[in-house]
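Biologist: I'm new to this one. Could you walk me through how to read it?

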There are 2 protein chains.
Amino acid sequence: MRVLVLGGDGYCGWPTALHLSGRGHEVAIGDNFVRRLWDHELGVETLTPIRPLHERVALWREVSGRTIDTFVVDLQDYHALADVIRRVEPDAVVHYAEQRSAPYSMIDREHAVFTQVNNVVGTLNLLFALKDLRPDCHLVKLGTMGEYGTPNIDIEEGFIEIEHKGRRDVLPFPKQPGSFYHLTKVHDSHNIQFCCRVWGLRSTDLNQGVVYGTITGEISRHPGLINRFDYDEVFGTALNRFCVQAAIGHPLTVYGRGGQTRGFLDIRDTVRCIELAVQNPPERGEYRVFNQFTEQFSVGQLADKVQVAGAELGLRVEVQHLPNPRVEREEHYYNAVHTRLLELGLEPHRLSNSLLDSLLEIALQHRDRVRKDVILPRVNWRDIHNRRHGTSDT
Amino acid sequence: MRVLVLGGDGYCGWPTALHLSGRGHEVAIGDNFVRRLWDHELGVETLTPIRPLHERVALWREVSGRTIDTFVVDLQDYHALADVIRRVEPDAVVHYAEQRSAPYSMIDREHAVFTQVNNVVGTLNLLFALKDLRPDCHLVKLGTMGEYGTPNIDIEEGFIEIEHKGRRDVLPFPKQPGSFYHLTKVHDSHNIQFCCRVWGLRSTDLNQGVVYGTITGEISRHPGLINRFDYDEVFGTALNRFCVQAAIGHPLTVYGRGGQTRGFLDIRDTVRCIELAVQNPPERGEYRVFNQFTEQFSVGQLADKVQVAGAELGLRVEVQHLPNPRVEREEHYYNAVHTRLLELGLEPHRLSNSLLDSLLEIALQHRDRVRKDVILPRVNWRDIHNRRHGTSDT
């Protein structure tokens with residue numbers, strides 16, 4: 001199939017593009033490199049020294065014999081986006097091209113508004129381009145498990161049957177997102193569902209959990225294909241951040257009591273889930289939701305696991321409970337259904353000691369690149385004038 | 001109380017500002033007059049010859065002795081908006097300042113994106129301004145009953161208790177909006193609820209039904225205070241549009257089978273509901289939802305009522321079923337709870353023959369101003385390149 005991966009230079013997009021290319025699909029990447037710009041804005045860097053996209057793609061061609069076309073495109077620019085759709089004629093578009101950090105969206109008004117406009121308008125433009133030019137194309141959209149929040153009932157996959165006052169209906173699962181970023185994914189979900197219903201588009205909304213790991217089968221074929229590995233407070237997510245902290249002797253920064261429970265998955269499962277979604281498109285007019293994660297952990301449990309794995313490598317790992325910069329429940333019920341991708345054939349990579357070892361090894365290998373001053377949280381949900389990293393303190 | 005009415009030059013905003021002023025509140029209006037601009041864009045005009053805001057406010061001062069301050073402000077301009085908040089120091093902000101037409105949002109990509117950015121960013125800017133400058137201020141936000149769509153269960157006021165697999169929670173009522181405009185109100189609701197939870201703001205989200213009528217007690221004090229009366233396909237809503245059609249001998253344009261059922265209310269109840277919300281603010285951190293309508297009708301029932309009332313005035317009124325330009329269920333269950341405003345003291349003006357008579361009289365009085373060519377629907381939900389009125393056909 002012809003697959004366009006938007007945001008294909010990013011942490012999930014790059015390994016997804018390689019995986020689909022390696023599995024024989026004709027892959028094109030669209031990206032505007034703004035994720036690399038945000039590193040400069042925040043004064044941070046990926047732990048791993050990733051190469052520019054044009055080098056990575058050339059290298060992939062050397063090792064695999066397969067070509068990935070690249071397009072520099074900002075989804076805010078409708079005409080540029082439409083031009084890419086016209087040239088690629090995709091059967092599926094995998095859409096990662098959004099600002100994906102909750103703390104980034106909570107820095108201040110400018111970052112909140114930027115995140116909402118960037119994500120919502122980018123997706124609207126894509127919906128209009130597909131309706132106009134490729135109405136049969138399958139939109140594979142990355143959402144987040146964070147759309148649901150932490151309700152006191154089981155979380156279903158997108159929809160829930162409700163019996164109320166003697167009547168029944170199957171309705172969208174209620175959403176309680178926890179940041180301006182998470183809100184954009186809820187807005188997108190409503191917009192996409194509407195377009196499927198009114199225009200007959202087809203879409204899979206993948207409510208993804210927190211991704212960990214950095215290496216996939218394709219990436220391991222050459223060191224120059226190495227993927228991002230973010231550990232800073234804004235773009236680093238829990239498990240990856242903990243591994244870096246363990247490697248450099250920084251206490252693991254658990255926010256609040258650490259009872260916050262979420263769905264997690266290995267990045268090798270991310271790329272496989274996308275492949276399964278692409279290979280099994282929904283009907284025209286169908287909007288479907290898969291919960292894309294494999295296991296549930298609390299933040300405290302993750303810290304414990306990293307502590308144990310670190311000890312086995314001879315690292316002394318401490319856990320530090322910080323005042324929670326976020327506004328969230330720290331002890332709560334959490335049970336989310338995630339069967340639809342398993343039914344399509346997903347065989348999960350469960351979080352293992354060997355995976356933790358390999359993450360710790362990567363962190364140790366690059367420990368001289370770590371900047372300790374970007375680890376502690378500065379972005380507080382209760383404040384609207386946060387001083388982000390990368391801003392002069394004087 | 002000091003009340004700032006944003007969108008105070010519009011169909012609901014103007015009578016709301018007068019009503020609150022007449023009841024002794026210190027009222028200020030913020031508006032950027034873009035609603036008047038859209039009339040020019042579409043080549044349409046309100047049936048009633050409304051005067052410029054500065055004249056209306058001067059006239060109100062003459063007849064009532066009360067002053068209404070006015071501010072020209074676009075909510076997209078954060079600093080201008082913050083300046084108004086700083087100067088007015090409102091105890092409550094009534095927020096009507098959004099693009100409120102579903103067909104306008106469905107014209108094409110540009111109008112869809114404009115509507116979503118205008119409404120979502122305007123409300124975000126207002127939330128940030130309140131958090132920064134007036135965190136105790138009560139945000140009275142106009143939503144729409146259209147956020148809920150037409151579920152097969154009773155519609156509750158914003159939240160629903162769900163029992164699921166042996167557990168219970170009270171969760172936001174699932175939303176199924178029917179246009180890019182209605183989607184913005186859902187996005188706003190999620191954003192506002194989040195800000196109340198995280199920042200401790202207080203807000204009332206008024207999910208308003210379809211408003212009919214044009215005159216309130218305050219407006220009737222002088223002909224120069226006359227309110228808008230829209231009848232075109234883009235901004236005219238069902239009942240008002242039917243009355244104009246009856247007055248000029250145009251068949252009533254019922255879309256599809258006419259079984260579409262919605263909540264309706266008299267504009268005299270709109271202004272009273274706002275007053276009740278303002279007088280009874282929620283607690284700090286509370287986000288509450290009232291369903292603001294008084295009666296349910298199907299579109300077909302409304303057409304029948306106008307036909308009967310017209311006949312009594314000697315008008316021959318025909319009903320014409322047009323192919324539905326919207327994508328919506330035309331026969332469906334509909335039962336929406338609307339008790340919270342009644343509990344606060346609302347005494348509804350039910351739809352009566354005398355109200356229909358007065359609307360028909362106004363329409364007859366201004367019949368020479370009616371442009372018949374802007375009545376038939378041109379904006380089709382299934383198309384993304386609609387030719388709007390006001391565009392040259394050549």
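Biologist: Among contacts in chain A between residues at least 6 apart in sequence, what percentage join residues at least 24 apart?

Modeller: A contact means heavy atoms within 4.5 Å. In chain A, 81% of those contacts join residues at least 24 apart. Keep in mind that this is a predicted model, where local features need pLDDT of at least 70, side-chain atom pairs count only at pLDDT 80 or more, and totals for chains, interfaces and linings use all residues. Residues are numbered from 1 along each chain as its sequence is written, chains are lettered from A and ligands numbered from 1 in the order written, and side-chain values use heavy atoms, leaving out hydrogens and water.

Biologist: What share of the residues in chain A is buried?

Modeller: Buried means under 20% relative accessible area, exposed over 50%, and partly exposed in between (1.4 Å probe, protein chains only). Here, buried residues make up 63% of the 394 in chain A.

Biologist: Is Leu206(B) buried or exposed?

Modeller: Leu206(B) is buried, at a relative accessible area of 0%. Its C-alpha atom is 5.0 Å from that of Leu142(B), though the two are 64 residues apart along the chain. Beyond its neighbours within four places in sequence, Leu206(B) has contacts including Val140(B), Ile274(B) and Phe290(B).

Biologist: How many disulfides does the structure hold?

Modeller: A disulfide is a covalent bond between the sulfur atoms of two cysteines; the cut-off is a pair of cysteine sulfur atoms within 2.5 Å. This structure holds zero over all chains.

Biologist: Why does Cys243(A) form no bond with Cys12(A)?

Modeller: Because the sulfur of Cys12(A), the closest cysteine sulfur, is 16 Å from that of Cys243(A), too far for a bond.
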